[in-house]
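Here is a short briefing on one chain. Please look over the sequence and the structure before reading the points below.

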Amino acid sequence: MTSTNNWDEPLPELMRDKWEHWKDSLQGLHHLSIPRSYATFSWKDMSQREVYVYCDASEKAIAVVAFLKAADLEGNNHISILLNRHYHSEVKHQGRHFTAGALRYAGFWIVGEKRLISPLLHKCVICRKLRGKQEQQLMSDLPADRLSPIPPFSSVGIDTFGPWSIVTRKTRGGQANSKRWALLFTCLSTRAIHIKVIEELSYSLTLFVDSLPYAEVFRKFAQTDEPILVWAVVNGRPIVPVSSEILSPAMLLIQKAGCYPAPIGTFDTMDLYKAQWKRVQYLADIFWHRWNKKYLQTLQTRRKWTDSSPNVKQGDIVLIKDKNVSKNEWPTGIIVNPLPGHDERVRNAEVRVARNGSTYTRPISEMVLLVRV
Ligand SMILES: [Zn+2]
C-alpha cells in the first residue's frame, strides 16, 4: 500500500516510526571508518567533510549512491585537485592555460579554477624540474673590509686562473712545454689587483694559502715579484664613472691615474730628503677623500638579489646545477646542512647527491628547489 504526503503534512504514524528508527541509526556514522581511502592530504587537514547520499524516490531504495565531499584548509575541493592534476599531466605539464583548456574540453567546469590551478602548478615537481628558477636570497651586507679606508692589500681576496702552456726549454728534437698558473690578489678596499705567476698548482700551495692570513700570503709573494703589464693596466681602470676627476687604484699605488712609464730623469738618494713623503701623503689623502665621496656610495645599492626569500631547509629536495651537462641531466640532491650567514639567511648549503651519495657545499643560486619540507 502506498500513500502520498505533501511536504508540510506530518508523517503517518507507521512511517514516522520507520523514519525515527532510520534517523537514530545515523548515530552509527560517528563510528564509520573507510579503511581504503585515497587522499593527497590528511583527513585532519580538511576544512569541510560532507557525506552526500542520493537514492531513488521509492519506499525501499532500489538505487543509491553516496559520496564524501572533502575540501582542504584553503577550501579546494579534493576531486577538483585530482582532475587538475590528471589533465595537467595529459597536456605534458604545459602551463595554466593548456591545463584549463584540456579540462574544459573534457567537459568539466570547476568553480574557482584559476585560484586552484596556479598553486598546484607551482608545487608540481616535474614543472619545477623543467622550468624552475634557481634559488635566490637577499644579497648579504658587504664585509667591513670592503668599506674601510685602510692601506692597500691589508685585506685581500685570492683566486687562481690558468693554466697556460709555455715553452720552458728547447730540446734537440723540439721543445719542452710546461704549465703555468696565475695567483690573483685583489685588494678589498681599493680594488687594486696583483698577479703572481706560479709554477705549480699543488696541494701544498693550497695548504699554504689556507693556513696564512691572506695579506701575509700576498706579502710573501710580492717580495720577489716582477712587473706584469696586466696588473698595471687593470689597476689603471677607473672604479667610479669618469667625470672631471678620475679615481683608480693606481692613483694610490703609484700616484698616477693610469698605466704610464716611469718619469724620465736620474734620481739619487738626495731626492729622498726633499719632503717627498709629504707629497705622497697628500696624494694618498686625495685618493681616500675621493674614495669616500664617490666610490663608497656606489657600494650601497644592491644590483641583484634585492628580495628576501624563505630559507632552504634540511630535507629539501633540490636540483643541483651542473654547467657541464644540460638541465635535464642535473643531479637531484637533498639538503643535509643549510649554512646560514650572520643575518640568519641561508645562501650556501651542504647537499648530498642522490646518484652517488657524495656531499658538496654549493651556493643556493646553483640549486632549483623541487620539494620543500
Ligand atoms: Zn607539472
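Is Glu-344 buried or exposed? Glu-344 is exposed, because just 7 other C-beta atoms lie within 10 Å, and 12 or fewer count as exposed. The model is a predicted one. The points below take the loops, a helix pair, a sheet and the nonpolar cores in turn.

**Loop residues with positive phi**

- Glu-344 sits in the loop that runs between strand 7 (332-340) and strand 8 (346-353).
- The phi of Glu-344 is positive, near 70 degrees, and the residue is not a glycine.
- Lys-92 belongs to the loop between helix 2 and helix 3.
- Lys-92 also has a positive phi in a residue other than glycine, near 55 degrees.
- Lys-92 is exposed, because it has 9 other C-beta atoms within 10 Å, where the limit for exposed is 12 or fewer.

**Helix 2 against helix 3**

- Helix 2 (residues 78-90) and helix 3 (residues 96-105) have axes that come within 8 Å.
- Their axes cross at roughly 110 degrees.
- The two helices are therefore roughly perpendicular to each other, as angles from 65 to 115 degrees are classed that way.
- On the helix 2 side, the contact is made by Leu-83, Asn-84, Tyr-87, His-88 and Glu-90.
- On the helix 3 side, Thr-99, Ala-102 and Leu-103 make the contact.
- Sorted by class, this contact has four nonpolar residues, three polar ones and one charged one.

**The three-stranded sheet**

- An open sheet is formed by three strands in the order 3-4-5, with antiparallel pairing.
- Strand 3 and strand 5 are at the edges with a single partner strand each, so one side of each has no neighbour in the sheet.
- On average, neighbouring strands of this sheet are turned by 20 degrees against each other, direction ignored.
- Strand 3 (residues 156-170) pairs with strand 4 (residues 175-187) in the antiparallel sense, over twelve bridges.
- In that pairing, Thr-160 has Leu-183 of strand 4 as its bridge partner.
- Four residues make the hairpin connection from strand 3 to strand 4.
- Strand 4 pairs with strand 5 (residues 193-198), again in the antiparallel sense, over six bridges.
- Thr-186 is bridged to Ile-193 of strand 5, and Trp-181 is bridged to Ile-198 of strand 5.
- The hairpin of strand 4 and strand 5 has five residues between the strands.
- In its turn, Arg-191 shows a positive phi of about 65 degrees.

**A cis peptide bond**

- Gly-162 and Pro-163 are joined by a cis peptide bond, with omega at about 0 degrees.
- Pro-163 is placed in strand 3.

**Nonpolar cores**

- The largest nonpolar core has 17 residues.
- The residues with the most contacts inside this core are Val-156, Phe-185, Cys-187, Ile-193 and Met-251.
- Two or more residues each come from strand 4, helix 8 (229-235), helix 9 (249-253) and helix 10 (276-295).
- Helix 9 contributes the most to this core, with four residues.
- Another core, of ten residues, lies apart from it.
- Among the residues of that other core are Ile-364, Met-367, Val-368 and Leu-370.

Methods: Residues are numbered from 1 along each chain as its sequence is written. This is a predicted model: local features need pLDDT of at least 70, side-chain atom pairs count only at pLDDT 80 or more; totals for chains, interfaces and linings use all residues. Axes are lines fitted to C-alpha atoms, for helices over the stretch in contact, and angles run from 0 to 180 degrees between N-to-C directions. Angles under 35 degrees count as roughly parallel, over 145 as roughly antiparallel, 65 to 115 as roughly perpendicular and the rest as oblique. Two residues are in contact if their C-beta atoms, placed from the backbone, lie within 7 Å. Ala, Val, Leu, Ile, Met, Phe, Trp, Tyr, Cys and Pro count as nonpolar, Asp, Glu, Lys and Arg as charged, and the others, Gly among them, as polar. Two strands pair if DSSP finds at least two bridges between them. A nonpolar core is a set of buried Ala, Val, Leu, Ile, Met, Phe, Trp, Tyr and Cys residues joined through C-beta atoms within 7 Å. A residue is buried if 20 or more other C-beta atoms lie within 10 Å of its own, exposed if 12 or fewer, and partly exposed in between; C-beta atoms are placed from the backbone.
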